[in-house]
Structure formats: C-alpha cells, structure tokens
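Colleague: I've got this one open on my screen and I'd like to talk it through. Can you take me around it?

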Amino acid sequence: MPAVHDAAVELRQLTYFRKVAEVRSVSKAAGLLHMTQPSLSRQIHALERELGQPLFDRTPHGVELTAAGRSLHRHLEDVFAQVERIPEVVRTGGNGLQLIRVGVPQGLPDGWGLALLDRLGSTLPGVRLSLHEATTEDQRHLLQNGLIDIGLIHMNAPELVCEHLLVQRMGVAVEAGSRLAGAGRVTFADLDGLRVMAHAVGEIKVEVTRLQAASAAAHAATEWLFRRFSEHTRLIALASEVDAVLMTRESALRHLPDWTWVPVDDRDASGEDLDLHTWAARRDPAPQVVCDVIDVMKRVPWPPTANPCGEKSTL
C-alpha cells in the first residue's frame, strides 16, 4: 500500500477504527455502531488508504491489528482523551479562565493536591487545572507530544525541565497480626521469609531489580510479588496472601486503611534510600502561566505536620 501524505483523516473514521480494534471483528463493531458491515468495511478501507498503511490483518475469526494499527490504537488513547475534554476547554475559555493540563501519577497525596488547589485559588484565580491520571512514562510521552502542560513525575527526566516538589517515605503496610505491626521501622533483613507485594515496573522508582538486589544484599529470602496498583490493590493483596505491601504512607491510607504502615529504614544495594520523589516537569520553552503554576506547586508544603492514625512513625 503506497504511502500517502497529508491524509484527511476524519474523527468518525478513527471512532470506527477504535471500535473494530476493541472487538476484533468488523461485523460485531458494525452492530455496536448501528451500521451495516459493508459500510463499516468501506470506512476502514478508506482510512487505510488515507494513512497509506494496512491497519488490520483479516483472519477467519475476525481481524487483528497490524504493527501500524497497534501504534494508531495506542495513539488514539491520547487523541480521544483530548476530544472528551473539549467541553471543559470551551467552558473554561468562555469564562475568561486559563486551563492548564496536569498529569497526575497514582499515589500522589490527596492532601498535597487539595493544598495546591487552595493556594492556586488565592494566587492564580484565573487558572483552572485539568487533571490527567497517568504513569511517569506515559506523562513523558504526553508532554513531548504537547498533550499536557505539566507532568508530575517520579524521575528527573533529562529531556524536560524538572523542578523538585516533594518526597514520600516508603514503608510496608501489614495486617494487625503481623510480627512487623509493632515495629517502629523495618529493614530489608526484617522481610526475610515474607511475601511482599510492590508496584510493577513502570509505576514508581522502586523497581523489580532494585528490590531483589537489596534483598540479596541483606541476605533476606523475600518473595517479591510485583503488581500494578489500582483501586483493587486490597483485593489483590488478600487474594495473593501477601504478608506486606511496599507502598507510601498515603497509598496505604487510601488502599489499606485498616492495615498498619511501618517505614522502611534501609537503603538499596547501591546505597540509595527508597524515598519516592516527585518532580514538576514541563517542556522548554513553556508559557509563563505554566511556569507560574509550577512556582505555586513548589510552595505547597509536604509532608504535613500531623501524623495520621495507624502509623508507627513520623515522617
């Protein structure tokens, strides 16, 4: 199929493509879209002609995405997220306000976010934030493609302008009957013989190889279970019969409120602590209002002075 430049792709064609990609069947997608199968097939073929690439491989059981189709499908997650926010953009602009798109990682303290909104309201009353939940790697992609204005990420990304915002202590959440529940702190050696769940690679800085190396250096036979944390973190922990979950205090309060959180007072095999750092990242150059919002972010204090109940340490 020859390459075609300046393709006039229509949003409805992308909507059709996304539905076919989701159900892996043109006939099923046609029914869901209330179209005839021949009409939908013509639209998909027209999209392929305009893009100059085959998007699907036809099989006896339906269709499968080609390499080009998989790339387009991933990209459309960003495209449709932006389309769905059009009413918000128009409403904000119509009220004479500036909308700043901010990426937010899982585990960001709610208290910090609420304090930021309060401070923005008094400092930059003409600014509103549109929040996009995404991992650090996804936010780097969104920033580079101009789909968000500020990323709150867990690394100092070299391709972006990053300013440090806050630090969160890492610890383990354990049930009340755990031998660690009464401890003031834990080390990697204390996790010997335990099954411990942690974030999967790509979620936070505490990565698989780093934890395994730290356990080995402490001569601890820890069974690490790596999972992507979500609203089902508690269910996953119970189903996996883990003894502890490595997470920040704020994540423990959100996902495991009746468990005890104990800080980890130890370093990894390279001598670095396990603290979770968050940076505000932007492209360079950036509009002045983006820099102003980051300046406000830097003035939001963290951690708070109060120590919530159920914890065995003060940060």
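Modeller: Sure, we'll go from the sheet to the helices and then to a loop, bearing in mind that this is a predicted model.

Colleague: Let's begin with the open sheet: what is the order of its five strands?

Modeller: The pairing in this sheet is mixed. Strands E4 (127-133) and E6 (161-168) are its edges, each pairing on one side only. From one strand to the next the twist averages 25°. Reading across, the order is E4-E3-E5-E12-E6.

Colleague: In which sense do E3 and E4 pair?

Modeller: E3 covers residues 98-104, and seven bridges link this strand to E4. As one point of reference, Val104 stands opposite Glu133 in E4. The sense of the pairing is parallel.

Colleague: Now the helices. Which strands does H6 lie across?

Modeller: H6 is the helix of residues 110-123, and it runs at about 160° to E4. E4 is one of the strands it lies across, and the full set is E4, E5 (150-153) and E6.

Colleague: H6 also meets H11, so to speak. Is the angle between them oblique or perpendicular?

Modeller: The axes of H6 and H11 (residues 288-298) come within 9 Å and cross at roughly 125°. Roughly perpendicular would need 65 to 115 degrees. The crossing is right-handed, and because of its angle H6 counts as oblique to H11.

Colleague: How many residues of that contact are nonpolar?

Modeller: H6 brings Trp112, Leu116, Arg119, Leu120 and Thr123, while H11 brings Val293, Val296 and Met297. One residue of the contact is polar and one is charged. The nonpolar count is six.

Colleague: What covers the buried residues of H11?

Modeller: Buried residues in H11 include Val293, Val296 and Met297, which also take part in the contact with H6. Val289, Val290, Cys291 and Ile294 are buried too. Their cover includes H6 along with the strands E3, E4, E5, E6 and E12 (276-282).

Colleague: Last stop, the loop between E7 and E8. Is Ala176 buried or exposed?

Modeller: Ala176 sits in the loop that joins E7 (170-174) and E8 (195-199). Exposed means over 50% relative accessible area. Ala176 has 65% relative accessibility, so it counts as exposed.

Colleague: And how far apart in space are Ala176 and Ile150?

Modeller: In sequence, 26 residues separate Ala176 from Ile150. Going C-alpha to C-alpha, the distance between Ala176 and Ile150 in space is 40 Å.

Terms used
Residues are numbered from 1 along each chain as its sequence is written. This is a predicted model: local features need pLDDT of at least 70, side-chain atom pairs count only at pLDDT 80 or more; totals for chains, interfaces and linings use all residues. Side-chain values use heavy atoms; hydrogens and water are left out. Two strands pair if DSSP finds at least two bridges between them. Helices (H or I, at least four residues) and strands (E, at least two) are DSSP runs, numbered from the N terminus. Axes are lines fitted to C-alpha atoms, for helices over the stretch in contact, and angles run from 0 to 180 degrees between N-to-C directions. Contact means heavy atoms within 4.5 Å. Buried means under 20% relative accessible area, exposed over 50%, partly exposed in between (1.4 Å probe, protein chains only). Angles under 35 degrees count as roughly parallel, over 145 as roughly antiparallel, 65 to 115 as roughly perpendicular and the rest as oblique. A crossing is left-handed if the near helix is turned anticlockwise from the far one by less than a right angle, and right-handed if clockwise. Ala, Val, Leu, Ile, Met, Phe, Trp, Tyr, Cys and Pro count as nonpolar, Asp, Glu, Lys and Arg as charged, and the others, Gly among them, as polar.
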